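Biologist: Thanks for sitting down with me! Could you walk me through how the labels for this structure are decided?

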Amino acid sequence: MAQCRITEIFYSLQGETRTVGLPTVFVRLTGCPLRCGYCDTAYAFHGGQKMEVSDIVAEVKSYNPRYVTVTGGEPLAQNTCRELLTALCDLDVEVSLETSGAMDIGNIDPRVVRVMDLKTPASGEVSKNLYSNVDQLNHQDQVKFVICNREDYDWAREQLSSLDLIDRCEILFSPVHGDLTPTDLAEWIIADNLPVRMQIQLHKYLWNDAQGR
Ligand code: SF4
């Protein structure tokens, strides 16, 4: 029986992505090989507890959710993550996966919505981007740029055209809370008429980034 190492399972509102604001169960897997400068889930780097996939699914089901997000850490760093994703899809809920963009996103159940970061220069982890993932994206997926400053914004805008991202999937631009004001990012997007969805991290405004919310 497959197991995953889990930091937390909790019910909250989705703070980002296309389903922002909708009640969602989060399954946070432990561990991440990256160290982004703005990381707000460093508590998930270590520890956690091993759980059978069937027990994880049972706990998720107890919330009777419509949406489930598998996050981390970097969930794909655990090779049993794909099995977990398929088991969650079998609950007949919408399942999304939040991933850093540093791990191969292939061979994932096609029912899963993949929300993939492309790490910007100011994250400190731009060298970890696995660009072969871009060709695997489809229209239900989303690519997220977490933007720290104007240089990151200019870099992200360049990626939109050089990687032909707009035609592949939805694009999310998110300002780093406390580093870049949402207003500045909004004005840059409008000035450049970019076809991207700007998002703020709703959970930070609602619960000030408290763990498990
Ligand atoms: S990929 Fe995500 S979890 Fe890992 S260090 Fe970066 S922000 Fe934190």
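Modeller: Happy to. Let me begin with burial: a residue is buried if 20 or more other C-beta atoms lie within 10 Å of its own, exposed if 12 or fewer, and partly exposed in between, with C-beta atoms placed from the backbone. Please keep in mind that this is a predicted model, in which local features need pLDDT of at least 70, side-chain atom pairs count only at pLDDT 80 or more, and totals for chains, interfaces and linings use all residues. Residues are numbered from 1 along each chain as its sequence is written.

Biologist: Then why is threonine 41 called partly exposed?

Modeller: Threonine 41 has 16 C-beta neighbours inside 10 Å. That count falls between the two limits, 12 or fewer and 20 or more, so the label is partly exposed. Threonine 41 sits in the loop between β2 and β3 (49-52); here helices (H or I, at least four residues) and strands (E, at least two) are DSSP runs, numbered from the N terminus.

Biologist: What makes a residue part of the ligand's surroundings?

Modeller: Its C-beta atom, placed from the backbone, has to lie within 6 Å of the molecule. By that rule the ligand is surrounded by Cys32, Leu34, Arg35, Cys36, Cys39, Thr41, Gly72, Gly73, Glu74 and Ser100. The shell divides into 4 nonpolar, 4 polar and 2 charged residues. For that split, Ala, Val, Leu, Ile, Met, Phe, Trp, Tyr, Cys and Pro count as nonpolar, Asp, Glu, Lys and Arg as charged, and the others, Gly among them, as polar. Thr41 is also listed by UniProt under "binding site", in an unreviewed entry. UniProt positions are given in the numbering used here, feature names are shortened, and annotations may be inferred rather than shown by experiment.

Biologist: What is special about the peptide bond between glycine 72 and glycine 73?

Modeller: That bond is cis, with omega about 10°. Glycine 73 belongs to the loop between β4 (67-71) and α2 (81-89).

Biologist: UniProt also lists Leu13, Gln14, Gly15, Arg28 and Thr71 for "binding site" in the unreviewed entry. How do you know that they gather at one spot?

Modeller: They span 59 residues in sequence, yet no two of their C-alpha atoms are more than 14.5 Å apart, so they do gather at one spot.

Biologist: Leucine 13 and glycine 15 are both on that list. Which of the terms buried, partly exposed and exposed fits each of them?

Modeller: Leucine 13, in strand β1 (residues 3-13), has 16 other C-beta atoms within 10 Å and is therefore partly exposed. Glycine 15, in the loop between β1 and β2 (23-29), has 22 such neighbours, so glycine 15 counts as buried.

Biologist: And what do these two touch?

Modeller: Contact means that two C-beta atoms, placed from the backbone, lie within 7 Å. Leaving aside residues within four places in sequence, leucine 13 is in contact with Gly21, Leu22, Pro23, Thr24, Leu202 and His203. With sequence neighbours up to four places away set aside, glycine 15 touches Val20, Gln201, Leu202 and His203.

Biologist: What makes the backbone at threonine 17 and aspartate 92 worth a remark?

Modeller: Threonine 17 has a positive phi of about 70° although it is not a glycine. Aspartate 92, also not a glycine, has a positive phi near 65°. Threonine 17 has 21 C-beta neighbours inside 10 Å, so threonine 17 counts as buried. Aspartate 92 has 9 within 10 Å, so aspartate 92 is exposed.

Biologist: How do you know that the buried residues of α2 lie on the same side?

Modeller: Cys81, Leu84, Leu85 and Leu88 are buried in α2. They cover an arc of only 100° around the axis, which puts them on the same side of α2; the arc is that of the directions from the helix axis to the C-beta atoms. An α-helix has 3.6 residues a turn, so residues three or four places apart point the same way. The buried residues of α2 pack against β1, β2, α1 (53-61), β4 and β5 (94-99).

Biologist: Why are β1 and β2 said to pair?

Modeller: Two strands pair if DSSP finds at least two bridges between them. β1 and β2 have 7 bridges, in the antiparallel sense, so they meet that rule. One bridge partner in β2 is threonine 24, opposite serine 12. β2 is also joined to β4 by 4 bridges, and these two run parallel. As for burial, 6 of the 7 residues of β2 are buried.
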